[in-house]
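Student: Could you take me slowly through one part of this structure and then show me how a second part sits beside its partners? I would like to follow each step of the reasoning.

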Amino acid sequence: MLKIVIQQPQKIAPFQQPARDLRVLNKPLWLLQRDALAEICDSELIIAPGEDLPEVGKECLVFQDHLYFDSEFIKHFVALARSMGKAVQLAFKDQDPAIKEHILPLTQSFQFRDGLVLAPIWYYPSITKISPEPLVVEFECMEAGYYHVPAYMAGKLGDLTYHIPTHPFLAIESWVHIFYANIIFGVFARGLRQERLIKQNLSAKLRALWCAMLEGKQLLDSSFLVKVGANSSIDPSAIIHGPTTIGDNVTIGAGVVIENSIIGDNVNISQGAQIMLSVVGDNVFLPFRAALFMTTLMENSTVAQNACLQMCVIGRNTFIGAGTTFTDFNLLPVPIRARNAKGELVPSNRPVLGGAVGHNCRIGSGFIIYPGRMIDSDVVLINSARSNVIAKDVSFAESHHHQHRHSSTHQVEYSDDEDTTSQHWK
């Protein structure tokens, strides 16, 4: 099968890169797509947006390159499409919980027709001018979340739960979608799939129990659920609960706690750090007592001691200073807003949500970042009595390095340094 990939050059704020180049589950999105389609597609064609589909005499899978999906989802879609024997477009019911709660908010690229949501992915037995028909795919959601929180943290804004599809599909048009892809449709979905496997598959249950008994560990601590790469060093006092994946050449210090997370290669996690439901990229450094909760760290970044990040997305090559806290809960009962693909502030449909920091940023110590705020790529923030609270988005134009006498020493990699005023959010 030929896959035809339609480029989407729209850059995702605050990273200033197209979605295909951003990391999901420790891989660039384009690589995740390639791996998911490895068993189905044997050739590839890339076309620009708006370009006509070429006439080819073989079956084709056509999709935009900002989509996140796994191999099981795409195999299911292709199998259904082949059984119909005609051109189809992926569709979902607009009342599907995952669609309503997580996918439609902040998304601009889907179409709506007769109670259906049409996604930008198509199957053709061969390219013709016949319009494809909608092919409805069920998400088969599982509900998961926080069931032991104070009532005031849910209230009128709704319970703190997520609707997790058995096999994920998502259009990445906002940093919030990166959060969903890594955490909700990533580590959450993996954990629930493992739980379902052990409950429903007798062979898997026996293998899990035998592994735990042989190692003298609890099931969550055993190698059945905790996978450790080559040349990794883990202090005996560290607590690691699965399902967790740890890459190669990782160092984990005394008193570290890791719960249901993905840790990349060459990561250094120092004493007392806590990582829960998070994705940590390659070459990341977490000094002592750094804390991550439902947070994504892209490669080559550092979160210094006593920093606390909750429900955040942090770009590559970024430094977060000691004691900096990303809050995730509005003290007043007002909706948390985030920016969509057009840069408009709209409700995020989340009662709790952290913030986002772009690539190549330097955030000083002791900052407080309010929920849903973005800090653009290449920004430097130096703490002072007047600027230690981030209550609005910070653009590249507002970076503190512009007013510093050593500004030339900061290497700008992702933003336009020639006209900084054009970068300011309206």
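Tutor: What follows looks at one helix and then at one strand. Please keep in mind that the model is predicted. Helix H4 covers residues 175-200, and at 1.5 Å a residue its 26 residues should span 38 Å, which agrees with the 35 Å that separates its end C-alpha atoms. Along the way H4 bends by about 35° at Ala189. At the N-terminal end of H4, Ser174 acts as a cap, with a side-chain oxygen lying 3.1 Å from the backbone nitrogen of Val176. To judge how H4 sits in its surroundings, we call a residue buried when its relative accessible area is under 20%. By that cut-off 19 of the 26 residues of H4 are buried, so the helix is largely enclosed by the rest of the structure.

We can now turn to strand S7, made up of residues 60-64, where 5 of the 5 residues are buried and the strand is mostly covered. Both faces of S7 are covered, since Cys60, Val62 and Gln64 are buried on one side, while Leu61 and Phe63 are buried on the other. S7 is joined by 5 bridges to strand S1 (residues 2-6), and these two strands run parallel; here Gln64 in S7 is the bridge partner of Ile6. S7 is also joined to strand S11 (residues 116-124), by 4 bridges, and this pair runs antiparallel, with Tyr124 in S11 as the bridge partner of Cys60.

Note on methods
Residues numbered from 1 in each chain as written. Predicted model: local features only at pLDDT ≥ 70, side-chain atom pairs only at ≥ 80, totals over all residues. Heavy atoms only, no water. Expected span 1.5 Å × (residues − 1). Bend = angle between axes of the 7 residues up to and from the residue. Buried < 20%, exposed > 50% of the residue type's maximum accessible area, 1.4 Å probe, protein only. Polar contact = N/O pair within 3.5 Å; in protein donor to acceptor, adjacent residues only side chain to side chain. Pairing = 2+ DSSP bridges.
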